[in-house]
Amino acid sequence: QISSFTNNKKGTTKKLTIKPFKDAPKLPPTFEQDTWDKLHTAVVAVQRRQSVGYSEEELYTAVQDLCIHKLASDLYDKLKQTCSD
């Protein structure tokens, strides 16, 4: 079977070229607030000994996404405030 990267000539392959985006992808305008709302709901539920409603993976991914987009400092401040209330 011939791979999709080889053509009919024996011993030759096609070159795969990956080009960057023309414009960098942008976050939705409500990304930070929507993600924080999800995390805040989870923290408050844990503090009240209630069911969280989100999986650990979903919450971890939310925190990871905020950190990747350089929003970790704001997240830390919000978490610190929420936990001290």
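## Exercises on helix packing and a cavity

A search of the whole structure, which is a predicted model, finds one cavity of 30 Å³ or more.

**Exercise 1.** Find what volume the largest cavity has, which residues line it, and which classes these residues belong to.

*Solution.* Begin with the volume, which is about 40 Å³ for the largest cavity. Next, list the lining of this cavity, which is made up of Glu32, Trp36, Leu66, Leu71, Leu75 and Lys78. Then ask which helices supply at least two residues of that lining, and the result is that H1 and H3 each do so. Finally, sort the lining by class, which gives four nonpolar, no polar and two charged residues.

**Exercise 2.** Work out whether helices H1 and H3 are roughly parallel or oblique to each other, and describe the contact between them.

*Solution.* First locate the two helices: H1 covers residues 31–47 and H3 covers residues 72–84, and their axes come within 11 Å and cross at roughly 30°. Angles under 35 degrees count as roughly parallel, and therefore H1 and H3 are roughly parallel to each other. The handedness of the crossing of H1 and H3 can be added to this description, and it is right-handed. On the H1 side, the contact is made by Glu32, Trp36, Leu39, His40, Val43, Val44 and Gln47, while H3 brings Asp74, Leu75, Lys78, Leu79, Thr82 and Cys83. Sorted by class, this contact of H1 with H3 holds seven nonpolar, three polar and three charged residues.

**Exercise 3.** Carry out the analysis of axes, angle and contact for H1 and helix H2.

*Solution.* Helix H2 spans residues 56–68, and it packs with H1 at an angle of about 140°, the axes being 10 Å apart. That angle makes H1 oblique to H2. As for handedness, the crossing of H1 and H2 is left-handed. To see who takes part, note that Phe31, Glu32, Thr35, Lys38, Leu39 and Ala42 in H1 meet Glu58, Leu59, Ala62, Val63, Asp65 and Leu66 in H2. The last step is again the sorting by class, and the contact of H1 with H2 has seven nonpolar, one polar and four charged residues.

Terms used
Residues numbered from 1 in each chain as written. Predicted model: local features only at pLDDT ≥ 70, side-chain atom pairs only at ≥ 80, totals over all residues. Heavy atoms only, no water. Axes fitted to C-alpha atoms, helices over the stretch in contact; angles between N-to-C directions. Helix = DSSP H or I, 4+ residues; strand = E, 2+ residues; numbered from the N terminus. Parallel < 35°, antiparallel > 145°, perpendicular 65-115°, else oblique. Left-handed = near helix turned anticlockwise from the far one by under 90°. Contact = heavy atoms within 4.5 Å. Nonpolar A, V, L, I, M, F, W, Y, C, P; charged D, E, K, R; others polar. 1 Å grid on protein atoms, 1.4 Å probe; cavity = no way out; pocket = protein on both sides within 12 Å on 5 of 7 lines; lining within 4 Å. Points joined across faces, edges and corners; volume = space filled by probe spheres on them.
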